[in-house]
Structure formats: structure tokens, C-alpha cells
Amino acid sequence: MARLEELKKGTRVKGLLSNDIVTIVDIQWRGSSAVELTYKDSSGKPDSELVYRDREADLEIEQPGSQWGFDGDGHLLRLVSEAYRIRLAHLFDPLLAVHTSVVEPLPHQITAVYEEMLPRQPLRFLLADDPGAGKTIMAGLFIKELIARGDLLRCLICCPGRPVNRRRRRN
């Protein structure tokens with residue numbers, strides 16, 4: 001809340017216009033309960049308005065000082081910078097999914113993911129191999145790598161179901 005007596009030339013005031021900060025160019029008192037303010041909005045357009053004491057609650061004086069400050073939350077800055085670092089981690093670690101996974105892939109799985117699948121565009125594959133070759137590990141590494149690079153938004157994994165025995169035994 002700003003009192004009318006606090007308004008001076010050059011003061012920046014919030015609340016005079018809906019969502020804009022204005023700079024007071026001139027002020028003239030009209031009795032003891034009103035002032036005529038001549039101001040410029042943020043785009044530099046001049047205007048004037050008669051302001052009464054009942055609008056003092058809406059007015060707020062912006063304190064002079066730097067628009068940029070160093071008084072932010074340090075923990076929040078660290079969180080944001082860590083998130084940004086993780087987002088760009090694939091640029092610095094060529095085997096990011098391998099190093100951040102709990103599994104230890106075999107050499108042929110790493111070769112398949114990083115030398116065959118990732119360099120190819122578009123990123124659509126049918127991964128088929130013999131049982132026990134590590135298709136699940138390769139698919140997991142591939143998906144995790146794409147998520148880390150920001151290239152994957154949606155993923156569909158189709159697995160065959162259990163064979164159905166059509167013949168029923170009748171007792």
C-alpha cells in the first residue's frame with residue numbers, strides 16, 4: 001500500500017493500470033484527498049488520471065534497484081542446474097544408459113544399441129532375436145537412451161502372449 005504523499009516524480013508504481021508498472025512524470029494535488037498523476041506506461045505512452053485516497057490500497061511503489069538480483073534460493077538454483085546437467089548428460093557420456101542402469105549388458109548388446117540402433121533415423125525398430133540373446137536388455141537400454149536424449153515421448157512394446165490351447169478336455 002502506498003500513500004498519496006509517497007508518490008513523487010520518477011517513482012514507479014504498480015496498481016494504477018491493471019497489470020502494468022507506470023512511471024510518474026508529474027503530480028499535482030487537488031485538495032488534500034486527491035492527486036492528478038501524469039504518467040508513462042511501460043511502452044512510453046503518456047496518460048493522466050485523478051487518484052483519490054480510496055485507491056491507496058491498490059497502489060504499490062516499486063523499490064528502486066537492479067532488476068537482476070543475487071538473492072535467489074541457492075537450493076533451487078542447484079536443483080535447476082542439476083536437472084539441466086542431467087538433460088545434457090548424453091552429450092558428455094556416450095554410454096549414459098549403460099552407466100545409469102543396474103544391469104551389466106554384454107558387448108553384443110552395447111554394440112547393437114549404440115552402433116546399430118541409435119545412429120539410424122527414423123528411430124523405429126523391430127527387435128527380434130533368439131531366446132536368451134538379451135532383447136529385453138537391449139530394448140531397455142535403447143529406450144532409456146532415447147528418454148535421456150529427449151527423443152522419446154511415447155513407446156509401444158508388443159510382446160507375444162501365451163499360446164492358447166483351443167482343445168478342451170471333456171470328462
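In the next few minutes I will walk through the strands of this structure and then one of its helices, keeping in mind that the model is a predicted one.

Let me begin with the strands. Strand β1, residues 12-14, runs antiparallel to strand β2, residues 21-29, and three bridges join the two; if you would like one pair to look for, R12 has T23 in β2 as its bridge partner. Six residues lie between β1 and β2 in this hairpin, and in its turn G15 takes a positive phi of about 105°.

From β2 we can carry on to β3, since these strands are also antiparallel and are joined by six bridges, with W29 partnered by V35 in β3. They too form a hairpin, here with four residues between the strands, and G31 in the turn has a positive phi of about 80°.

How many bridges join β3 to β4? There are seven, between residues 34-40 of β3 and residues 46-52 of β4, and the two strands again run antiparallel; T38, for example, is paired with S48 in β4. This hairpin has five residues between its strands, and its turn contains G44, whose phi is positive at about 95°.

Now please turn to helix α5, which covers residues 135-149, so that its 15 residues reach 21 Å from the first C-alpha to the last, close to the 21 Å expected at 1.5 Å a residue. Its buried residues are M138, L141, F142, I143, E145 and L146, and what covers them includes α2 (89-92), α3 (96-99) and α4 (107-117). Just after the helix comes G150, which has a positive phi of about 80°.

How values were computed
Residues numbered from 1 in each chain as written. Predicted model: local features only at pLDDT ≥ 70, side-chain atom pairs only at ≥ 80, totals over all residues. Heavy atoms only, no water. Expected span 1.5 Å × (residues − 1). Buried < 20%, exposed > 50% of the residue type's maximum accessible area, 1.4 Å probe, protein only. Contact = heavy atoms within 4.5 Å. Pairing = 2+ DSSP bridges.
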